[in-house]
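Please examine the following model with attention to its fold, its confidence and its side-chain contacts. A report on these topics is given below the display.

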Amino acid sequence: MILVQSGIDLYKVQQLLGHKSPIMTQRYARHYLESLRGGVEILDRLRESSTNLAQPAGL
């Protein structure tokens, strides 16, 4: 589904398409591997920033 692959969250897609159940929206929301890359990049940045915060200054 183009909306999901473009980064629109499932709740908004559900509302736009008039689905009564989020399960129906999930059924049609297929991600290509490339579209998941952004999520992985965000997780990497969060992990790096939390690691940097946990290290004492000067190391």
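The report moves from the overall architecture to individual residues and their contacts.

## Overall architecture

This is a predicted model. The protein chain contains 4 helices and 0 strands, and its elements follow the order α-α-α-α from the N terminus. Helix 2 covers residues 10–17, helix 3 covers residues 22–28, and helix 4 covers residues 33–54.

The chain has 59 residues, 10% of which are buried. Its accessible surface amounts to about 5200 Å². Carbon and sulfur atoms account for 60% of that surface.

## Confidence of the prediction

The mean pLDDT of the protein chain is 82, and 83% of the residues reach 70 or more. Confidence is highest in helix 2, at 93, and lowest in helix 4, at a mean of 80.

## Helix 2 and its boundaries

D9 appears in two interactions. At the start of helix 2, one of the side-chain oxygens of D9 comes to within 3.1 Å of the backbone nitrogen of Y11. The D9 side chain also forms a salt bridge with that of K12, with an N to O distance of 3.8 Å. Both partners of this salt bridge are partly exposed: D9 has a relative accessibility of 36%, and K12 has a relative accessible area of 48%.

Beyond the other end of the helix, G18 follows just after helix 2 and adopts a positive phi of about 75°.

## Buried polar residues: Q14 and T25

Is Q14, a residue of helix 2, buried or exposed? Its relative accessibility is 9%, so Q14 counts as buried, the cut-off for that class being under 20%. When neighbours within four places in sequence are set aside, Q14 contacts H19, K20, S21, P22 and T25.

T25 belongs to helix 3 and is likewise buried, because its relative accessible area is 0%. Not counting residues up to four places away in sequence, T25 touches L10, V13, Q14 and H19. The contact with Q14 thus links a residue of helix 3 to one of helix 2, as the contact list of T25 shows. The side chains of T25 and H19 are also joined by a polar contact of 2.8 Å.

## Salt bridges

How many salt bridges does the structure hold? There are 2. One is the pairing of K12 and D9 described above. In the other, the side chains of D44 and R47 meet at 3.6 Å, N to O.

D44 and R47 both lie in helix 4, and because they are 3 residues apart, about one helical turn separates them. D44 is partly exposed, with a relative accessibility of 32%.

## Nonpolar surface patch

Which residues make the nonpolar surface patch? The patch is formed by L3, I8, L16 and L17, and its area is about 340 Å². L17 is located in helix 2. With a relative accessibility of 43%, L17 counts as partly exposed. This value satisfies the requirement for patch residues, because they must have over 30% relative accessible area.

## Pairs distant in sequence

Y28 lies in helix 3 and is partly exposed, its relative accessible area being 44%. Setting aside neighbours within four places in sequence, Y28 is in contact with M1 and H19. H19 is also listed among the contacts of Q14 and of T25. The C-alpha atoms of Y28 and V4 are 9.5 Å apart, although the two residues are 24 residues apart along the chain.

A second pair involves G38, which is found in helix 4. The C-alpha atoms of G38 and G7 are separated by 9.1 Å, and these residues are 31 residues apart along the chain. G38 is partly exposed, with a relative accessibility of 32%.

Note on methods: Residues are numbered from 1 along each chain as its sequence is written. Side-chain values use heavy atoms; hydrogens and water are left out. Patches are made of residues with over 30% relative accessible area and no salt bridge: like charges are joined within 9 Å, nonpolar side chains (Val, Leu, Ile, Met, Phe, Trp, Tyr) within 5 Å. Accessible areas come from the Shrake-Rupley method with a 1.4 Å probe; for residues, only the protein chains shown count as cover. A salt bridge is a side-chain nitrogen of Lys or Arg within 4 Å of a carboxyl oxygen of Asp or Glu. Buried means under 20% relative accessible area, exposed over 50%, partly exposed in between (1.4 Å probe, protein chains only). pLDDT is the predictor's confidence in each residue, from 0 to 100. Contact means heavy atoms within 4.5 Å. A polar contact is a pair of N or O atoms within 3.5 Å; within protein, one must be able to donate a hydrogen and the other to accept it, and residues adjacent in sequence count only if both atoms are side-chain atoms.
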